[in-house]
Amino acid sequence: MNIKSLLLGSAAALAVVSGAQAADAIVAAEPEPVEYVRVCDAYGTGYFYIPGTETCLKINGYIRFQVNVGEDVGGDSDWDAVTRGQVQFTAKSDTEYGPLTGVIVMQFNADNATVQTSKLDSAYLDIAGFRAGLFYSWWDDGLSGETDDIGSVVTLHNSIRYQYETSDFYAGISVDELEDGVYQGDVDPVTGLLVPNDGPNNVGVAVGIGGKAGAFSYQVTAGWDVDNEDGAVRAMGTVDIGPGTLGLAAVYSSGPNSYYSTAEWAVAAEYAIKATDKLKITPGVQYYANYIGGASAFDTVPTDYDGAGDAWKVGLTVDYQIVDNFYAKASVQYLDPEDADDSTTGYFRLQRSF
């Protein structure tokens with residue numbers, strides 16, 4: 001009996017201990033499924049699939065530090081340092097009409113720690129050649145240097161555009177909202193100041209064609225400002241010659257308008273010399289006929305160019321690629337108008353793109 005009792009007691013004790021150990025045992029939870037970001041190579045480098053969708057996203061931008069030089073460019077100072085950060089989000093997905101694209105560009109500018117601005121630099125949708133939203137017009141294009149002055153005062157508009165394009169050619173038409181352009185006006189006989197003839201500009205129509213053929217590329221752009229009842233046309237071309245690229249441009253304006261208001265007509269030329277794989281040197285020159293000066297957004301301008309003098313401009317721009325995605329640029333420009341004092345301006349820039 002004693003042996004039997006001992007065996008039964010030992011078995012009971014073992015059962016109690018085993019039960020306690022089972023209660024205290026740690027059971028590892030199964031890991032939750034993880035969806036890793038997948039590379040999307042259908043639209044070029046830098047795109048990835050937004051997890052859980054078939055939409056491809058690309059994030060890129062740049063950081064820029066720049067020192068501007070010129071008379072009173074910094075208020076009471078002849079130099080001023082500024083910094084910019086810009087980020088762009090591009091989303092693409094396939095549809096039965098082709099890729100559906102959406103772009104958002106945010107820009108942040110700082111003159112110092114307290115004087116800063118942020119703005120929506122672009123936001124538009126694009127499908128089957130149609131584009132709608134806030135984006136830069138063809139008038140924002142120019143030669144590769146910094147001397148030419150052949151674009152609009154404001155080139156960022158709320159617009160609707162259709163553009164047909166192939167790898168070597170494009171042609172398109174856009175309807176642009178021009179409410180932040182320039183306004184024609186007459187001189188007030190009492191004050192001697194320009195007084196706008198009309199309210200804000202509200203619409204313009206622009207067309208553009210361009211392309212390339214071997215070493216030659218070209219672009220022709222025209223725009224009609226409905227409110228000011230004037231327009232402008234511009235032609236540009238570049239061709240590889242020797243160690244560099246020759247660029248030529250000409251612009252004509254029937255009267256000051258939101259597409260071009262600096263002069264009645266102007267011609268510009270530059271030669272971008274590829275000195276080394278990293279160094280590019282670009283001298284440039286421009287001549288203005290009936291020059292009325294550079295206007296700003298919302299400025300009032302004369303109704304015509306009558307009586308305005310001519311002007312000419314020369315400049316030099318140097319680009320140096322320090323390493324991949326990081327470059328330095330220096331530019332100096334000299335402007336000599338017939339009806340105003342001459343001026344010298346320039347800047348030095350460091351920029352890192354990503």
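**Exercise 1. Find where Asn201 lies, and work out whether Asn201 is buried or exposed.**

Step 1. Start with the place: Asn201 sits in the loop between β10 and β11 (204-213). Keep in mind that this is a predicted model.

Step 2. Now look at the accessible area. Asn201 has a relative accessible area of 1%. Buried means under 20%, so Asn201 counts as buried.

Step 3. Look for company. Tyr183 is 18 residues away from Asn201 in sequence, yet the two C-alpha atoms are 6.9 Å apart in space.

**Exercise 2. Work out how the sheet that holds β9, β10 and β17 is put together.**

Step 1. Write down the order. The strands run β10-β9-β17, in an open sheet of 3 strands with mixed pairing.

Step 2. Pick out the edges. β10 (194-196) and β17 (300-302) are the edge strands, since each one pairs on one side only.

Step 3. Check the twist. Ignoring direction, neighbouring strands in this sheet are turned by 55° against each other on average.

Step 4. Zoom in on one pair. Strand β9 (residues 183-187) and β10 run antiparallel and are joined by 3 bridges. Across that pairing, Val187 has Leu194 of β10 opposite.

**Exercise 3. Follow the pairings of β2, and say which strands are its partners.**

Step 1. Begin with β1 (residues 48-49). This strand is antiparallel to β2, with 2 bridges between them. Phe48 faces Leu57 of β2.

Step 2. Look at the turn. The hairpin of β1 and β2 has 6 residues between the strands, and Gly52 there has a positive phi near 85°.

Step 3. Move on to β3. β2 and β3 are antiparallel too, joined by 14 bridges. Here Ile59 has Phe89 in β3 as its bridge partner.

Step 4. Finish with β20. The pairing of β2 and β20 is antiparallel over 8 bridges, and Gln66 stands opposite Arg349 in β20. So your partner list includes β1, β3 and β20.

**Exercise 4. Asn290 and Asn325 are not glycines, so what is the sign of phi in each, and how exposed are they?**

Step 1. Take Asn290, which is in strand β16. Its phi is positive, about 60°.

Step 2. Take Asn325, in the loop between β18 (311-323) and β19. Phi is positive here as well, near 70°.

Step 3. Compare with the cut-offs: partly exposed falls between buried, under 20%, and exposed, over 50%. Asn290 has a relative accessible area of 21%, so Asn290 is partly exposed. Asn325 comes out at 45%, so Asn325 is partly exposed too.

**Exercise 5. Describe the largest pocket and what lines it.**

Step 1. Give the volume: about 1,800 Å³.

Step 2. Count the lining. There are 44 lining residues, and Asp140, Glu146, Ser152, Val153 and Thr155 lie nearest the centre.

Step 3. Sort the lining by class. You get 18 nonpolar, 14 polar and 12 charged residues.

Step 4. Ask which strands help. Those supplying at least two residues each include β2 (56-69), β3 (79-93), β16 (279-291) and β19 (326-337). β20 gives the most, with 6 residues.

Step 5. Check the domains. Domain 1 (34-124) and domain 2 (128-351) each provide at least three residues of the lining.

Methods
Residues are numbered from 1 along each chain as its sequence is written. This is a predicted model: local features need pLDDT of at least 70, side-chain atom pairs count only at pLDDT 80 or more; totals for chains, interfaces and linings use all residues. Side-chain values use heavy atoms; hydrogens and water are left out. On a 1 Å grid over the protein atoms alone, a cavity is a set of points where a 1.4 Å probe fits but cannot get out, and a pocket is an open set with protein on both sides within 12 Å along at least five of seven lines; lining residues have an atom within 4 Å of a point. Grid points are joined across faces, edges and corners, and a volume is the space filled by probe spheres set on the points. Helices (H or I, at least four residues) and strands (E, at least two) are DSSP runs, numbered from the N terminus. Ala, Val, Leu, Ile, Met, Phe, Trp, Tyr, Cys and Pro count as nonpolar, Asp, Glu, Lys and Arg as charged, and the others, Gly among them, as polar. Domain bounds come from an automatic or database domain assignment. Two strands pair if DSSP finds at least two bridges between them. Axes are lines fitted to C-alpha atoms, for helices over the stretch in contact, and angles run from 0 to 180 degrees between N-to-C directions. Buried means under 20% relative accessible area, exposed over 50%, partly exposed in between (1.4 Å probe, protein chains only).
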